Amino acid sequence: MTVTDVCRTAAEAWSAVKGLTTARKNALLLDMAAAIEDNRAEIILANDADVAAARANGVSATLVDRLTLTERRMTGLVSAIRTIADLPDPVGQVVEGWTRPNGLLIERVREPIGVVAVIYEARPNVTAEVAALCLKSGNCAVLRGSSMAMATNKAVMAALDSAIARHDAVPAGVVRLITDPSREAAKELMRAKEFVDLLVPRGGPELIESVERHATVPTVIDGAGNCHVYIDHSADPDMATAVTVNAKTSRPSVCNAMETLLVHEELARDWLPGVLDELASAGVEIRGDATVREVWPKAVAAREEDWGTEYLDLVLAVRVVPDVGAAIAHIDRWGTSNAEAIVARDIDVARRFAREVDSGSVFVNTSTRYSDGGEFGYGVEIGVSTQKLHIRGPIGLTALTTVKNVVWGTGQTRVV
Ligand SMILES: NC(=O)C1=CN([C@@H]2O[C@H](COP(=O)(O)OP(=O)(O)OC[C@H]3O[C@@H](n4cnc5c(N)ncnc54)[C@H](OP(=O)(O)O)[C@@H]3O)[C@@H](O)[C@H]2O)C=CC1
Ligand SMILES: N[C@@H](CCC(=O)OP(=O)(O)O)C(=O)O
């Protein structure tokens, strides 16, 4: 089947899917969770093959870790699908309504988007997570995972298919995996505008550039995370240390990990050396500006390009700034609109940062690592939007709907 055929099948399936009741969708999700559990051994076996091939091809340990489905991750995946089944169904929700002087009742009602396609990294849990979020929100899913995870994705898809097959009202096309691993196939998906209502590309700059160049379908870009943490001079020092260490070291390879630390100049001598010692003892390489190197001589000199680098590793750029305004200006210049944080006791400074920082999510007195659908209460996420329309930050069920106007009259006719 060509990519266009896959998309056509999904579009045809949508007419059945958009009308499914919440109870039917939840029953399907619970069966999907059970099928993943029942096929756990086969999925892990397929994943072993992907992991072995990745290792043989010299793929980095961080990427191999992301590709690996451990027993714990499988359990997390199953439980995430069950969580989605428990979440409220956004479809049909009336978000607002009002009556016009002529008696017309205007309601704004949530409805599914249609066929949602996702191109994503070598993280096979995403296959089932995206399928579950799309189905719960009444959408069909077309999945284009990384070629590196193909065997695992096929095994996950087989499990999902076995669950879908148990539901007569649900056509097989509701969730489709593209099995052609080529970049040409990905481009065909980007151009399938007759059948795809939304494409979510989640990945690095090369993918995003390709989408920006080739896509004719509507997109929500889920791009890189050059995330910042700013420590204000009003910060509680212990909280500042805890947030900094967590944002950098808890999982350095993910898009919500901190890449640059911005520190108010009043903290440069007293607080900064201590936290840099702690980061260094956790294996973090520090690249600092002149002030950082003065107070902590072990730092490597940061170059201009460091401010724009998403390391996805145990490397951190550190800059000392005169005030919150300079921190905001730095983020305006170098940020990727993914997630930024401030640690401050001064509420006015915190409010200013939250208001003026142009990013998908702003975290006050907590870590950028919370930029995640699960942590936001969405069960999981389709990805983390780094654009402004139609959603910013983690994409959950509500963001997989659009709002339609339904206007109730009693025979009114317009005169002018
Ligand atoms: N905002 C978000 O939600 C997320 C952002 N990211 C970001 O992604 C980056 C890391 O991801 P990484 O592992 O590098 O993933 P990549 O960007 O390399 O790959 C992601 C997917 O895009 C495909 N792809 C890559 N380049 C192209 C292209 N030119 N044309 C068509 N398809 C393409 C890949 O296919 P194949 O592998 O088969 O080549 C894969 O399926 C980081 O910047 C991270 O912050 C990651 C996850 C979520
Ligand atoms: N949701 C993630 C972050 C986004 C993500 O999937 O990033 P990546 O590890 O680059 O695939 C988390 O913090 O768990």
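**Ligand shells and domain layout**

In this predicted model, α9 is the biggest contributor to the shell around ligand 1, giving 3 residues. It is not the sole helix with a stake there: α8 (183-190) and α9 (205-214) each put at least two residues into that shell. The surroundings of ligand 1 come to 26 residues, and those that come nearest are S146, S147, G203, C255 and G383. By class, the shell around ligand 1 splits into 10 nonpolar, 10 polar and 6 charged residues.

Ligand 2 has its own set of neighbours, namely R66, E121, R123, S253, V254, C255, N256, D372, E381 and V384. Here the class count runs to 3 nonpolar, 2 polar and 5 charged residues. Both domains take part in this site, with domain 1 (3-222 + 382-407) and domain 2 (227-370) each lending at least three residues to the shell around ligand 2. C255 turns up again here: it is listed around ligand 2 and is also among the residues that come nearest to ligand 1.

Stepping back to the chain as a whole, the secondary structure adds up to 14 helices and 16 strands. How does the radius of gyration of the chain sit against that of a compact globule? With 416 residues, such a globule would have a radius near 22 Å, and the chain has 23 Å, so the two agree. The C-alpha trace spans about 70 × 65 × 40 Å along its principal axes. Some 49% of the 416 residues count as buried. As for contacts with a separation of 6 or more, 72% of them are accounted for by residues 24 or more positions apart.

The domain assignment cuts the chain into domain 1 (3-222 + 382-407), which is written in two segments, and domain 2 (227-370). Between the C-alpha centres of domain 1 and domain 2 there are 33 Å. Where the two meet, domain 1 puts in 8 residues and domain 2 puts in 10. On the domain 1 side of this contact, α4 (61-67) and β14 (384-385) each supply at least two residues. The largest share of that side belongs to α4, with 3 residues. Sorted by class, the residues with which domain 1 touches domain 2 are 1 nonpolar, 4 polar and 3 charged.

How values were computed
Residues numbered from 1 in each chain as written. Chains lettered and ligands numbered in written order. Predicted model: local features only at pLDDT ≥ 70, side-chain atom pairs only at ≥ 80, totals over all residues. Near = placed C-beta within 6 Å. Helix = DSSP H or I, 4+ residues; strand = E, 2+ residues; numbered from the N terminus. Nonpolar A, V, L, I, M, F, W, Y, C, P; charged D, E, K, R; others polar. Rg over C-alpha atoms; globule rule 2.2 N^0.38 Å. Buried ≥ 20, exposed ≤ 12 C-beta atoms within 10 Å, placed from the backbone. Contact = placed C-beta atoms within 7 Å. Domains from an automatic or database assignment.
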